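Q: Please take a close look at one part of this model. Start there, then work outward.
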Amino acid sequence: MDIRNIAIIAHVDHGKTTLVDALLKQSGTFRDNQATVERAMDSNDLERERGITILAKATSVEWHGHRINIVDTPGHADFGGEVERILGMVDGVVLLVDAAEGPMPQTKFVTSKALRLGLKPIVVLNKVDKPDAEPDRALNEVFDLFVTLDANEEQLDFPVLYASGRAGWADTELDGPRQDLSALYQLVVDYVPAPTQLARADEPFSMLATTLASDPYLGRLLTGRIETGTVRTGQSVHALSRDGTEIERFRISKILAFRGLARQPIEVAEAGDIVSLAGMTKATVADTIADLAISEPIPAQPIDPPTISVT
Ligand code: GDP
């Protein structure tokens with residue numbers, strides 16, 4: 001399946017959860033899974049290890065044969081380069097801005113990181129249904145923010161959608177038909193490149209572990225984007241630290257893929273997809289999980305001491 005990996009960047013309360021729910025609902029996923037699964041973006045089972053917030057908040061929607069993996073980014077605090085690592089898994093970001101409030105500190109914080117990583121944001125001016133919404137002013141402020149953050153020409157030439165996540169529509173025109181979120185799905189598919197990793201599906205398996213979670217049944221779960229090759233349940237792999245030290249060898253006991261709100265066990269996953277793996281006992285964030293034939297780790301951001309951003 002054709003994949004897009006994106007993150008949605010937003011200041012708290014600008015409507016990220018509501019928008020993701022609407023995307024799920026309109027892709028048909030929500031209805032099917034509603035009764036059985038917890039909300040992916042709101043899961044609260046955070047842990048910490050080595051000063052890192054550990055979350056594997058991601059979700060996935062399917063639209064006209066495309067799978068859009070949506071990873072969540074922590075907005076307010078950056079534990080040890082976590083935001084960079086998470087943004088390192090995606091090829092595009094949707095910058096969601098409340099059209100009444102304009103860009104806020106958390107918007108700026110994550111946007112600066114996205115721009116520095118070379119990502120080209122799609123800007124969604126949200127909540128335009130609010131009586132005090134000023135989409136034009138908000139748009140100018142977003143542009144000014146990008147200039148302040150040294151955005152390059154391509155990044156400054158961002159596409160814009162007007163939206164009401166709550167009403168479930170997004171449109172290229174402020175006075176458009178306001179029907180549904182097709183314009184957003186379509187823009188993501190057209191504007192965000194497919195993962196370059198797809199082209200490396202024939203190589204031995206490797207994945208950079210980006211977030212760590214623990215599951216009461218499966219134990220440790222490491223989430224990341226598959227960099228090369230294919231991973232299968234039962235496969236023997238090893239974990240390499242950033243300096244190439246072998247941390248442990250283990251068998252993949254479970255592969256979980258994001259499908260709608262749920263993480264579903266799958267047998268095989270391919271380069272470019274974002275999955276969670278179980279079976280390890282020591283491997284952690286920033287380690288490379290790879291086929292035994294691979295001895296070079298994937299370059300990873302160092303795990304810095306926690307820094308707290310302005311709020
Ligand atoms: P998050 O913190 O970014 O995940 O924001 P939420 O999705 O939880 O939304 C925060 C608040 O804004 C909630 O009360 C939502 O009902 C409201 N909200 C979300 N989207 C819209 C919208 O499009 N229009 C209006 N008027 N309110 C919205």
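Which residue follows α1, and what is the sign of its phi?

A: Gly28 follows α1, and its phi is positive, near 90 degrees. Some ground rules help here. This is a predicted model, in which local features need pLDDT of at least 70 and side-chain atom pairs count only at pLDDT 80 or more, while totals for chains, interfaces and linings use all residues. Residues are numbered from 1 along each chain as its sequence is written, and side-chain values use heavy atoms, with hydrogens and water left out.

Now the helix itself. Helix α1 covers residues 16-26. Helices are DSSP runs of H or I with at least four residues, strands are runs of E with at least two, and both are numbered from the N terminus. Buried residues of α1 are Lys16, Leu19, Val20, Asp21, Ala22, Leu23 and Leu24. Buried means under 20% relative accessible area, exposed means over 50%, and partly exposed lies in between (1.4 Å probe, protein chains only). An α-helix has 3.6 residues a turn, so residues three or four places apart point the same way.

α1 also matters for the ligand's surroundings: with three residues, α1 gives the most to the shell. That shell holds 15 residues, and the closest are Asp13, Lys16, Thr17, Thr18 and Asp129. A residue is near a molecule if one of its heavy atoms lies within 4 Å of it; the rule for a strand is alike. By class, the shell has one nonpolar, eight polar and six charged residues. Here Ala, Val, Leu, Ile, Met, Phe, Trp, Tyr, Cys and Pro count as nonpolar, Asp, Glu, Lys and Arg as charged, and the others, Gly among them, as polar.

Next, the atom pairs. A side-chain N or O atom of Thr17 is 2.4 Å from an oxygen atom of the ligand. For Lys127, a polar side-chain atom lies 2.9 Å from a ligand oxygen. In Ser164, a side-chain N or O atom is 3.1 Å from an oxygen atom of the ligand. The ligand taken alone exposes 580 Å², of which the protein buries 76%. Accessible areas come from the Shrake-Rupley method with a 1.4 Å probe, and for residues only the protein chains shown count as cover.

Away from the ligand, look at Asn69 in strand β5 (residues 66-72). Asn69 counts as buried because its relative accessibility is 2%. Its side chain makes a 2.9 Å polar contact with the side chain of Asn5. Another polar contact, also 2.9 Å, joins the side chains of Asn69 and Asp273. A polar contact is a pair of N or O atoms within 3.5 Å; within protein, one must be able to donate a hydrogen and the other to accept it, and residues adjacent in sequence count only if both atoms are side-chain atoms.

Asp190 offers a counterpoint, in helix α7 (residues 182-191). Asp190 counts as exposed because its relative accessibility is 56%. Its C-alpha atom is 9.8 Å from that of Arg4, 186 residues apart along the chain.

Finally, the whole chain. There are seven helices and 22 strands. Of the 311 residues, 57% count as buried. The average pLDDT (the predictor's confidence in each residue, from 0 to 100) is 86, and 85% of the residues score at least 70. Residues 30-56 fall below 50, yet this stretch has 63 contacts in the model beyond near neighbours in sequence. Contact means heavy atoms within 4.5 Å. The model scores ipTM 0.99 and pTM 0.87.
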